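Me: Please take a close look at one buried spot in this structure and what surrounds it. Then work outward from there to the rest of the chain.

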Amino acid sequence: MRHRKSGRKFNRSGSHRKAMLKNMVRSLLTYEHIRTTEPKAKELRSSCEKLITLALRNDLHSRRLAFKTLENHSLVKKLFDEIGPRYIGGGGGYTRIIKLAEPRKGDCAPMCIIELTKRAQEAPAQDAPAATEAPAEAAQEA
């Protein structure tokens, strides 16, 4: 019986499953969105949301727990300094799963995109206020 046993097996050994989820968490935190199958995304969601919750605590013990999963100091720094502060005051729901209409070609597996709900702003958005100041200065000179 499967009483109180959580998590999907994905027809993989335990070490392979653990390594796969670690790699997917690293990719999601690096690129802030990835394309994968629906069951993998649903399993990945819980792992990623636990790490973001650790980032909201922002203490040394939380950093060490996050490093245990991520095994990358620069990624832990990004998680705690950039990603975590975006979600201050939120009560969960840090990731979003968007189902895609087209299944995967080879085996017809249902595909989706998993992404962080609050993504980083792109650089051109920061340059936009400078562009609005230039016409105002030109009007004052005339």
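Reply: Start with E38, which is buried at a relative accessible area of 15%. That label follows because the value is under 20%. Keep in mind that this is a predicted model. E38 belongs to helix α2, and that helix covers residues 38-57. Beyond residues up to four places away in sequence, E38 touches K99, P110, M111 and C112.

Next, T37. This residue sits in strand β1, which covers residues 33-37. T37 counts as buried too, because its relative accessibility is 7%, under the 20% limit. With neighbours within four places in sequence set aside, T37 is in contact with R104, A109, P110, M111 and C112. Now compare the two lists. P110, M111 and C112 appear for E38, and P110, M111 and C112 appear for T37 as well. K99 is on the list of E38. R104 and A109 are on the list of T37.

Where does this lead? Strand β3 covers residues 111-116. L116 is in β3. L116 is buried, because its relative accessibility is 0%. Its contacts, leaving out neighbours within four places in sequence, are E32, C48, I52, I83, R86, Y87, Y94, T95 and R96. One of these partners, T95, is 21 residues from L116 in sequence. In space, the C-alpha atoms of L116 and T95 are 4.4 Å apart.

Two of the partners of L116 are tyrosines, Y87 and Y94. Both tyrosines are buried. A ring pair is described by how far apart the centres are and by the angle of the planes. Y87 and Y94 form an edge-to-face pair, with 4.9 Å from centre to centre and 65° between the planes. The structure has one aromatic pair.

Another partner of L116 is I83. Apart from neighbours within four places in sequence, I83 is in contact with L29, I52, K78 and L116. I83 brings us to the largest nonpolar core, which has 26 residues. L29, L44, L51, I52, L70, L79 and I83 touch the most other members of this core. Two or more residues each come from α1, α2, α3, α4 (73-86) and β3. Helix α2 gives the largest share, seven residues. So which helix holds E38? It is α2 again.

Helix α4 also holds K77. K77 touches R63 and E82, not counting residues up to four places away in sequence. F67 lies ten residues from K77 along the chain, and their C-alpha atoms are separated by 9.6 Å.

Now the open space. A probe the size of a water molecule, rolled over the atoms, shows where empty space is left. The largest pocket holds about 230 Å³. Its lining consists of K18, L21, K22, V25, E43, S46, S47, K50, K68 and T69. By class, two lining residues are nonpolar, three are polar and five are charged. Helices α1 (14-31), α2 and α3 (60-70) each supply at least two residues to the lining. Helix α2 thus has a place in both settings: the pocket lining and the core.

Two residues stand out for their backbone. Most residues other than glycine have a negative phi. N58 is not a glycine, yet has a positive phi of about 50°. N58 lies in the loop between α2 and α3. Buried or partly exposed? N58 is partly exposed, because its relative accessible area is 42%, which falls between the 20% and 50% limits. R4 is the other case, with a positive phi of about 60° although it is not a glycine. R4 is in the segment before α1. R4 is exposed, because its relative accessible area is 86%.

Finally, the whole chain. Five helices and three strands make up its elements. From the N terminus on, the order is α-β-α-α-α-β-β-α. The chain has 142 residues, and buried residues make up 31% of them. Among contacts with a separation of 6 or more, residues 24 or more positions apart account for 57%. Back at the starting point, E38 is one of the buried residues, and its contacts include M111 and C112.

Terms used
Residues numbered from 1 in each chain as written. Predicted model: local features only at pLDDT ≥ 70, side-chain atom pairs only at ≥ 80, totals over all residues. Heavy atoms only, no water. 1 Å grid on protein atoms, 1.4 Å probe; cavity = no way out; pocket = protein on both sides within 12 Å on 5 of 7 lines; lining within 4 Å. Points joined across faces, edges and corners; volume = space filled by probe spheres on them. Helix = DSSP H or I, 4+ residues; strand = E, 2+ residues; numbered from the N terminus. Nonpolar A, V, L, I, M, F, W, Y, C, P; charged D, E, K, R; others polar. Core = buried A, V, L, I, M, F, W, Y, C linked by side-chain atoms within 4.5 Å. Buried < 20%, exposed > 50% of the residue type's maximum accessible area, 1.4 Å probe, protein only. Contact = heavy atoms within 4.5 Å. Phe/Tyr/Trp six-rings, centres within 6.5 Å; stacked < 30°, edge-to-face > 60°.
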